[in-house]
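Me: I would like to learn how to read strands and cavities in a model. Please give the general idea each time, then the case at hand.

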Amino acid sequence: MPLPIEPSIPPSITMPSTSYPATTRQAAGYIDGIFTDVMSTSFSDKIMITITQKGRLAQWIHVPLDVTNPSATDQYLPSASGDDSLLPMTHLTPKTLLGGATEERETLGQLYAAQIASLIASMNPHEKRTVMVGLGLSNIEASRENFYNTIDLVRKCL
């Protein structure tokens with residue numbers, strides 16, 4: 001049976017120009033001996049980052065970047081020194097959409113989401129899309145080394 005032929009689009013209707021498929025990048029590595037897969041997908045209105053271990057994805061957090069970005073307006077002020085420069089931007093407000101069954105898991109997920117959104121905003125101060133972060137971490141023990149290694153994998157995807 002032949003496939004149906006799509007009707008042609010009348011000249012009065014214009015199709016929006018979108019980049020299809022969405023730009024996707026991926027990085028993987030071992031963090032604390034656990035295979036970790038990170039994927040970044042850029043849509044026209046959102047940036048989706050997924051971090052999975054052992055094939056699980058258990059929590060979704062979103063961070064709007066459309067608030068005033070101090071990176072763009074305060075770029076001539078002295079930067080923070082020491083450990084403060086590694087903290088997420090204070091104007092970002094992560095919100096858990098799904099998952100985060102325990103307070104520890106929700107707090108850790110929001111920390112990751114805020115740090116990832118800060119990384120994106122610092123790379124492009126004019127970025128206004130919402131960042132969606134999907135997490136599937138095997139354990140909620142957040143060592144500094146594991147946190148930095150995970151953020152470094154995300155950085156490789158951006």
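Reply: Start with burial: a residue is buried under 20% relative accessible area, exposed over 50%, and partly exposed in between, with a 1.4 Å probe and protein chains only. Strands (E, at least two residues) and helices (H or I, at least four) are DSSP runs, numbered from the N terminus. This is a predicted model, in which local features need pLDDT of at least 70, side-chain atom pairs count only at pLDDT 80 or more, and totals for chains, interfaces and linings use all residues. Residues are numbered from 1 along each chain as its sequence is written, and side-chain values use heavy atoms, with hydrogens and water left out.

Me: Which residues point each way from S6?

Reply: In a regular strand the side chains alternate between the two faces of the sheet. In S6, Thr130, Met132, Gly134 and Gly136 point one way, while Val131, Val133 and Leu135 point the other way. All of these are buried. Because 7 of the 7 residues of S6 are buried, S6 is largely enclosed by the rest of the structure.

Me: How many bridges join S3 and S4 to S6?

Reply: Two strands pair if DSSP finds at least two bridges between them. Strand S3 (residues 46–53) runs parallel to S6, joined by 7 bridges, and Ile49 stands opposite Val133 in S6. Strand S4 (residues 59–63) runs antiparallel to S6, with 5 bridges; here Val63 stands opposite Val131.

Me: How many cavities of 30 Å³ or more are there?

Reply: On a 1 Å grid over the protein atoms alone, a cavity is a set of points where a 1.4 Å probe fits but cannot get out; lining residues have an atom within 4 Å of a point. Points are joined across faces, edges and corners, and a volume is the space filled by probe spheres set on them. The count here is 2 cavities. The largest holds about 110 Å³, and of its 13 lining residues the closest to the centre are Gln53, Tyr112, Leu137, Asn139 and Asn146. Helices H2 (103–123) and H3 (144–157) each supply at least two residues of that lining.

Me: What lines the second largest cavity?

Reply: The second largest cavity has a volume of about 50 Å³. Its lining includes Ala58, Gln59, Arg105, Leu108 and Gly109. H2 and strand S6 (130–136) each supply at least two of the lining residues, and the largest share, 3 residues, comes from H2.

Terms used
On a 1 Å grid over the protein atoms alone, a cavity is a set of points where a 1.4 Å probe fits but cannot get out, and a pocket is an open set with protein on both sides within 12 Å along at least five of seven lines; lining residues have an atom within 4 Å of a point.
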